[in-house]
Structure formats: structure tokens, C-alpha cells
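This report describes the surroundings of two ligands in a protein model, followed by its nonpolar cores, one of its sheets and one helix residue.

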Amino acid sequence: MNPPSTILVTGGAGFIGSHACVELLDHGYELIVVDDYSNSSSQVFSRVERVAGRFVGTVYELDIRDRRALAAVFDRHSVDAVVHFAALKAVGESTRMPVEYYDTNVGGTTTLLRAMHEHGVHHLVFSSSCSLYGDGDGDGGPLGEDAVVGPGSPYAASKWACEQILADVCRRIPGFTVMALRYFNPVGAHPSGLLGEEPRGTPDNLMPCLAQVAVGRRERLHVFGDDWDTPDGTAVRDYLHVMDTVEAHRIALEHLGDMPGMHVYNLGVGQGSSVLEVVAAFQEACGRPIPYDIAPRRPGDVRERVADATAVARDWGWRPRRNLAGMCRDAWRFQQLNPSGHAGSARQTNRKRVTSCG
Ligand code: NAD
Ligand code: WQD
């Protein structure tokens, strides 16, 4: 797909979505953004505009499950493709609120699909997740797209359900094309320090926890288990810079016209880092010691999850360019510059509120 094209970005105020908005604006795309701000703030768009040097486009506050509101957006704009980030994403929370997760993640996706189909929009880039591999093949080797699927939480199961629905829709509707991108562990922040990850409440994920310990908002990091069968006993993951992640989305958009159907790609670096290696890299980035203790393993955790990301390199030439040191440096810069998050930037954007009445 060649710019200028109009892209609907769902969940565009979130961590990955806000970085994707910058990436797409930088490459000439016109954007329509929808978000209900359930895990974000509309304040982020003034930051997006500062970084991109352009207006973000039209932004709608709406819940993607609101069929009429979503249809009204498609009625008003000629959308060429959709990048669908909007979802609930906390694995632990999903075990306590499974219905909410299925409703938002699966129901939100089918509502979006209906609106797309009714408006003749058949190109979608979908945020999927490495979590659907469960504990992988068990041998600790890199996970290819054909690795055994075993979703271990309602969150992971919701992503797998979406993928299956999307694959079936692609089989049945000629021309429908979906790029499902299974991200491993996106971390880091925009190098400007203006955009980053801003979890509500106590963060679950390692990198925001580290940043909060480093800045003094938390006393220490709990390392969940040092008795895994790994070189230093702590669990291994494939951390990927959010800037590399969103670059892959822009490239995915460019390939939507290649071949119709469902295409699934892993997005990862292809190299694992243990928890203690990430702690060491973060200490290096922030120049101060990170106090930590060893805690019991977290329920549902797996020993190792590393991507085999050769398919996306082969098909699109996409390879991540940023290393763990850069991810920690950028995450730390964002944390330092924004001890209380994005709030505080007040410039208005061209924002509209659409209710179910349109
Ligand atoms: P995020 O929570 O920062 O962003 C999601 C955005 O969607 C938020 O702005 C939220 O307000 C919005 N949203 C949620 N429910 C909505 C609804 N019903 N209607 C409209 N907007 C809604 O999360 P993120 O880290 O940016 O993740 C983006 C996508 O990537 C999600 O689909 C997530 O499952 C997927 N993903 C994330 C990771 C990760 O580690 N961050 C890894 C793999 C996959
Ligand atoms: C990484 C490692 C923890 C916090 C999750 C989702 C996955 C995807 C990415 C959405 C693990 C350890 C963590 C802490 C720790 N998201 N850790 N102390 O669990 O690999 O993946 O986010 O799709 O689906 O499952 O990421 O950052 O939570 O944990 O020791 O305070 O850090 O045990 O080994 P995870 P994470």
C-alpha cells in the first residue's frame, strides 16, 4: 500500500498504538484514530503531533464494541486499511476477568470486522501475541509461526480466537487480507522521551517495573524465580524495541496488497535475555543500582520464549535494529522525563466524540 492512504488505527492512544501513529504519520499516511482511553489518555496525541510535526488526524473516543459508533466512523471516512491495537492486554487480569477479555478482544474484533466488511474495507493488520504459544515446544528453541499453540490464559486464548476468526474470514471473503503480527516482548520508548509505556496501577511487566524501581517509585524488583533451567536461573524472553515493532506494522501495510488471505508473522529479535540480564542492562542505562530480591515463580510463567523471526525477514526484509541497551536507555529516558506520565500536555487535537447515535 502506497501513501497517501488512510489508515484507521484502533487503540492508537496506547503504548504501541501511539508509536505506530508517529511511524505512519512520518511516512505520509493519513490517520483516523479510535480509542476509549480505558488504558490510555487523549493527552498522548499532542505528544504524537510534537514528535511527528503533523496533526494526528481525526480522533474518536469510542469503544470498538459500539457497533453504531464504529459504523459512523467508516461512514464518514474512506478507510483503506485498519491497524487494530485496541484490546485488554494484562495476562494476570484476564484470569480474573475472562468475560471482559473475550468481550473486548474477540467481540471488539468481530464488531470491527463487521464494520469493515459493510464498508468494503478488507485490509487489516492485527496485534497478536507470543502468549498464544503457551509454554512453546518445551525444548527452549526459537518459536516459529508453526510452533504448537497452547494459550495459557483468557488473554492468550482471546488472541488465538481472533486469529482463527480472521483466518476463516480470509478463507470465505475474496480479497480479505490480514497480517497477524505475533509480538514477543515490546519494550522501550520513543527516543524523544515524549512517548512510552504508561501502565495504569502497578505494572505487571518487567521493563516498567524496572523503570519505577530506578526512579524510586518502587522499593525493589521481585525477580520471579531463579530456579529455571537457564544459564543464570532466571526466565528468558525476546525483548523487542517498540520502534522496531511499529516499523514492522508500517511495512506490513505496504505488503497488504501482495497476496490476499491470512498471514501470520512473529515479531521478535530472535535472541533471548534473562531477567537478570535485563536488570544489568537497565542498571547500565540508568547508572544506578536496581535493588531486587528473588521471589517465587509467577503462576503461568514459562522458562523461555524466543522468536524465530526469520519469516518476516525473508518475506519483507524487516529486521529489528535496536538492542537491549537501547531499549533500556529509551525506557529510562521516558521514565525520567515523565515521572507522572503523559498528562500535562494540553494542546488540543482535531478530536471528535462519537456516541452510538453517531
Ligand atoms: P495498551 O493498553 O497500551 O493499548 C491498547 C489501547 O486500546 C489503549 O489505548 C486502550 O485504551 C485501548 N482500548 C482498550 N479497549 C478498548 C475498546 N474496547 N475500545 C477502544 N479502545 C480500547 O496496550 P499495548 O501494549 O499498546 O498493546 C497494543 C496491542 O498489542 C494489544 O492488542 C495487545 O494485546 C497487543 N500486544 C501487546 C504486547 C505488549 O507486551 N505490550 C505484546 C503482544 C501483543
Ligand atoms: C518478563 C519476565 C517475568 C515482572 C507478557 C505477556 C505476553 C506479552 C508480553 C501481551 C518474566 C519476569 C516480570 C517482575 C519479574 N504481552 N518478571 N519481575 O510475561 O514474558 O509476557 O508480556 O501480549 O503475552 O505474557 O512479560 O514483562 O511480564 O515478564 O521477574 O516484576 O520478567 O517472570 O520472566 P511476559 P513480562
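A polar contact is here a pair of N or O atoms within 3.5 Å. By that criterion, a backbone N or O atom of Leu-206 makes a polar contact with ligand 2, lying 2.8 Å from one of the ligand's oxygen atoms. The model is a predicted one, and the distances below are computed from it.

**Ligand 2**

Two further contacts of this kind involve ligand 2. A polar backbone atom of His-222 is 2.7 Å from a nitrogen atom of ligand 2, and a polar side-chain atom of Arg-298 lies 2.8 Å from an oxygen atom of ligand 2. Taken alone, ligand 2 exposes 690 Å², of which the protein buries 90%.

The shell around ligand 2 has 20 residues, and those that come nearest are Ser-129, Tyr-155, His-222, Arg-237 and Asp-301. By class, this shell comprises 11 nonpolar, 5 polar and 4 charged residues. Helix α7 (206-215) and strand β8 (221-224) each supply at least two residues of the shell; β8 gives the most, with 4 residues.

**Ligand 1**

Around ligand 1 there are 28 residues, of which Asp-35, Asn-39, Ser-40, Tyr-155 and Lys-159 come nearest. The shell divides into 13 nonpolar, 9 polar and 6 charged residues. Helix α1 (15-26), strand β5 (123-129) and helix α6 (154-172) each contribute at least two residues to the shell, and β5 gives the most, with 3 residues.

Three polar contacts of ligand 1 are listed in the table.

| Residue | Protein atom | Ligand 1 atom | Distance |
|---|---|---|---|
| Ser-38 | backbone N or O | oxygen | 3.1 Å |
| Asn-39 | polar side-chain atom | oxygen | 2.7 Å |
| Phe-85 | polar backbone atom | oxygen | 2.8 Å |

Ligand 1 taken alone exposes 820 Å², and the protein buries 95% of that area.

Which residue is among those nearest to ligand 1 and also among those nearest to ligand 2? Tyr-155 appears in both groups.

**Nonpolar cores**

In soluble globular proteins, nonpolar side chains tend to be buried together. The largest nonpolar core of this model has 50 residues, and Ile-7, Leu-31, Leu-181 and Leu-253 touch the most other members. Helix α1 provides the largest share of this core, 7 residues. Apart from it lies another core of 29 residues, including Leu-112, Ala-115, Phe-176 and Val-178. Helix α1 thus recurs in the description: α1 supplies at least two residues of the ligand 1 shell as well as 7 residues of the largest core.

**A three-stranded sheet**

An open sheet of 3 strands has the order β12-β9-β14, with mixed pairing. Its edge strands are β12 (273-274) and β14 (304-305), each of which pairs on one side only. Strand β9 (residues 236-237) runs parallel to β14 and is joined to β14 by 2 bridges. Within this pair, Val-236 stands opposite Glu-304 of β14.

**Ala-248 in helix α8**

Ala-248 lies in helix α8, which spans residues 242-254. Is Ala-248 buried or exposed? Ala-248 is buried, because its relative accessible area is 0% and the cut-off for a buried residue is under 20%. Ala-248 and Arg-322 are 74 residues apart in sequence, and their C-alpha atoms are 13 Å apart in space.

Key. Residues numbered from 1 in each chain as written. Chains lettered and ligands numbered in written order. Predicted model: local features only at pLDDT ≥ 70, side-chain atom pairs only at ≥ 80, totals over all residues. Heavy atoms only, no water. Near = heavy atom within 4 Å. Polar contact = N/O pair within 3.5 Å; in protein donor to acceptor, adjacent residues only side chain to side chain. Areas by Shrake-Rupley, 256 points an atom, 1.4 Å probe, with all protein chains shown as cover. Nonpolar A, V, L, I, M, F, W, Y, C, P; charged D, E, K, R; others polar. Core = buried A, V, L, I, M, F, W, Y, C linked by side-chain atoms within 4.5 Å. Buried < 20%, exposed > 50% of the residue type's maximum accessible area, 1.4 Å probe, protein only. Pairing = 2+ DSSP bridges.
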